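Got your viewer open? Here is a short walk through the model, one selection at a time.

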Amino acid sequence: YNLGDIKAVADLTKKTIAKAEALVEAEYTAASWAPMVAAIAAAKESLNSGDADVMDAAVVALEEVMAELIRTAELQAAIAGVADLVAGNYTASSWSALAVALDAAKAALVATNTVTVEKALANLEAAKAALVAYVAVDTSALQSAIVDAETLVAGDYTADTWAAFTAALSAAKVALYGEQADVDAAVAALAAAKAALAAKPDVTALEAAIAEIKTLVKADYTS
């Protein structure tokens with residue numbers, strides 16, 4: 001190497017050191033950042049040697065360390081971005097998915113590879129985007145319909161229509177814990193089942209006639 005070459009290598013070494021020192025430790029995993037301290041120190045030491053080969057080797061080593069850094073800045077920001085969200089503002093299923101993604105994201109902050117970090121970030125962002133706002137469900141009409149239905153008596157209706165009615169009533173009670181669409185559908189179904197109830201025929205007169213016939217004596221009449 002001539003003096004010009006040595007100066008060029010020294011300049012490259014200084015630029016590489018400056019590049020490394022411009023990075024922010026907090027934006028990377030602690031494990032991947034640890035080698036940076038030694039690599040930067042070695043690069044600075046190589047400048048004092050005045051040996052182009054030593055400087056060149058130090059630059060290569062420092063670049064390799066930087067290439068191996070696992071950046072978590074974006075993942076940290078995404079985690080912070082969901083910290084203020086409130087579970088009660090979203091549906092249980094969508095919140096549960098977010099909670100799972102958030103746990104995985106926090107675990108990925110100490111990951112040993114970039115792929116894991118990127119996957120955790122993508123999953124967290126997707127889960128956040130998929131959150132479904134919780135809308136209060138109005139069950140007053142359904143509750144009223146259930147109360148009314150429970151005043152009816154099975155013995156007043158035919159077996160088949162009563163069976164359909166009780167099935168609708170059972171489904172209505174389950175729908176109390178569903179979404180608004182489930183509640184509205186249950187109100188309609190229960191009303192339809194109630195309207196379809198068929199009263200048992202009044203057999204009072206028939207029973208009286210039968211009872212009267214049974215009191216007759218065969219011998220009192222002609223054959």
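Is Asp-148 buried, partly exposed or exposed? Select it and check: Asp-148 is partly exposed, with a relative accessible area of 33%. Keep in mind that this is a predicted model.

Stay there and add Lys-194 to the selection. The two side chains meet in a salt bridge, with N and O 2.4 Å apart. This pair links distant parts of the chain: Asp-148 sits in helix H7 (residues 140-149) and Lys-194 in helix H9, 46 residues apart. Lys-194 is partly exposed too, at 36% relative accessible area.

How many salt bridges are there in total? The count comes to seven, so let's visit a couple more. Next up, pick Glu-21 and Lys-44. Their side chains form a salt bridge of 2.6 Å, N to O. Again the partners come from distant parts of the chain: Glu-21 belongs to helix H1 (residues 3-21) and Lys-44 to helix H2 (residues 30-49), 23 residues apart. Glu-21 has a relative accessible area of 44%, which makes it partly exposed, and Lys-44 is partly exposed at 40%.

Now jump to Arg-71 and Glu-27. Here the closest N and O atoms of the salt bridge are 2.9 Å apart. Arg-71 lies in the loop between helix H3 (52-67) and helix H4 (73-82), and Glu-27 in the loop between H1 and H2, so the pair ties together parts that are 44 residues apart in sequence. Color them by accessibility if you like: Arg-71 is partly exposed at 33%, and Glu-27 is partly exposed at 27%. Before moving on, add Glu-74 to the selection, since Glu-27, Arg-71 and Glu-74 are linked in a network of salt bridges.

Time for helix H8. Select Thr-161, which lies in this helix. Why does Thr-161 count as buried? Its relative accessibility is 15%, and buried means under 20%. Show Thr-158 as well, and you'll find a polar contact of 2.7 Å joining the two threonine side chains.

Further along, click Ser-170, also found in helix H8. Ser-170 is partly exposed, with a relative accessible area of 46%. Try a distance from here to Ala-186: the C-alpha atoms of Ser-170 and Ala-186 are separated by 9.7 Å, with the two residues 16 apart along the chain.

Last stop: switch to a surface view and select Asp-138, Glu-179, Asp-182 and Asp-184. Together they gather in a patch of negative charge on the surface. Zoom in on Glu-179, in the loop between helix H8 (159-175) and helix H9 (180-195). Glu-179 is partly exposed, at 45% relative accessible area.

Terms used
Residues numbered from 1 in each chain as written. Predicted model: local features only at pLDDT ≥ 70, side-chain atom pairs only at ≥ 80, totals over all residues. Heavy atoms only, no water. Patch = residues over 30% accessible without salt bridge, like charges linked within 9 Å, V, L, I, M, F, W, Y side chains within 5 Å. Areas by Shrake-Rupley, 256 points an atom, 1.4 Å probe, with all protein chains shown as cover. Salt bridge = Lys/Arg side-chain N within 4 Å of Asp/Glu carboxyl O. Lys, Arg positive; Asp, Glu negative; His and termini not counted. Charge placed at Lys NZ, Arg CZ, Asp CG, Glu CD. Helix = DSSP H or I, 4+ residues; strand = E, 2+ residues; numbered from the N terminus. Buried < 20%, exposed > 50% of the residue type's maximum accessible area, 1.4 Å probe, protein only. Polar contact = N/O pair within 3.5 Å; in protein donor to acceptor, adjacent residues only side chain to side chain.
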